[in-house]
Amino acid sequence: MSDLTDLYTTEAIQNMTLVWFGRKMDVNDKVVLLTYEVIEKGGSCTISIDMVPYKLGGVTGVVGKLSSIAIATIKRVVQHAGKDQHYIMCTKSIARDYRTRFEEASSGL
């Protein structure tokens, strides 16, 4: 499990990987970072909920660490994204380009 997220958010990320790739992946810090990248690239996708701004600075400080604002972004998006089929389809097409990176990250590579 990732040190960056709580259990509820970890489960939500696993559900997103199930939607994107057909299976729930183990969530670690690398998977959280990749999820943020997909969410950031999915900024053009719309969610009918109160959506967050996407250009929040992203990765900050030490390479590979996310800001608390970025973690809050991930939490808000993954916890509500499952309710918006348009957003799921849109991000699924973006996530497809990340499949290998997600699989490697999930397996600890």
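**Confidence first**

I began with the pLDDT of this predicted model: the chain averages 75, and 72% of the residues score at least 70. I then looked element by element. Helix 5 has the highest mean pLDDT, 93, while helix 3 (residues 68–81) has the lowest, 72.

I also checked residues 52–64, where pLDDT stays under 50. The model has 26 contacts for this stretch beyond four places in sequence. I am leaving those contacts alone, because predicted coordinates should not be read in detail where pLDDT is low.

**Helix 5, the buried side**

Given its mean pLDDT of 93, I chose helix 5 for a longer visit. Which residues of helix 5 are buried? I noted Phe102, Ala105 and Ser106. Looking down the axis of helix 5, I found that these buried residues fall within an arc of 95°, so they line one face of the helix. A friendly reminder to myself: an α-helix has 3.6 residues a turn, so residues three or four places apart point the same way.

Next I asked what covers the buried residues of helix 5. The cover includes helix 1 (7–21) and helix 2.

I looked just past the end of this element too. Gly108 follows helix 5, and its phi is positive, near 90°.

**Salt bridges**

How many salt bridges does the count come to? I have two in my notes, and helix 5 takes part in both entries below.

The pair I looked up first is Glu37 with Arg101, whose closest N and O atoms are 3.4 Å apart. This pair links distant parts of the chain: Glu37 sits in helix 2 (residues 29–41) and Arg101 in helix 5 (residues 99–106), 64 residues apart. For exposure, I noted a relative accessible area of 27% for Glu37, which is partly exposed. Arg101 also counts as partly exposed, at 41% relative accessibility.

The other pair is Glu103 with Arg99, where the side chains meet at 3.0 Å, N to O. Why are Glu103 and Arg99 separated by about one helical turn? They are separated that way because they stand four residues apart in helix 5. Glu103 is partly exposed, with a relative accessible area of 29%. Arg99 is partly exposed as well, at 34%.

**Where I stopped**

My sketch of helix 5 now has buried residues Phe102, Ala105 and Ser106, a salt bridge between Glu103 and Arg99, and one from Arg101 to Glu37.

Note on methods
Residues are numbered from 1 along each chain as its sequence is written. This is a predicted model: local features need pLDDT of at least 70, side-chain atom pairs count only at pLDDT 80 or more; totals for chains, interfaces and linings use all residues. Side-chain values use heavy atoms; hydrogens and water are left out. A salt bridge is a side-chain nitrogen of Lys or Arg within 4 Å of a carboxyl oxygen of Asp or Glu. Helices (H or I, at least four residues) and strands (E, at least two) are DSSP runs, numbered from the N terminus. Buried means under 20% relative accessible area, exposed over 50%, partly exposed in between (1.4 Å probe, protein chains only). pLDDT is the predictor's confidence in each residue, from 0 to 100. Contact means heavy atoms within 4.5 Å. The arc is that of the directions from the helix axis to the C-beta atoms.
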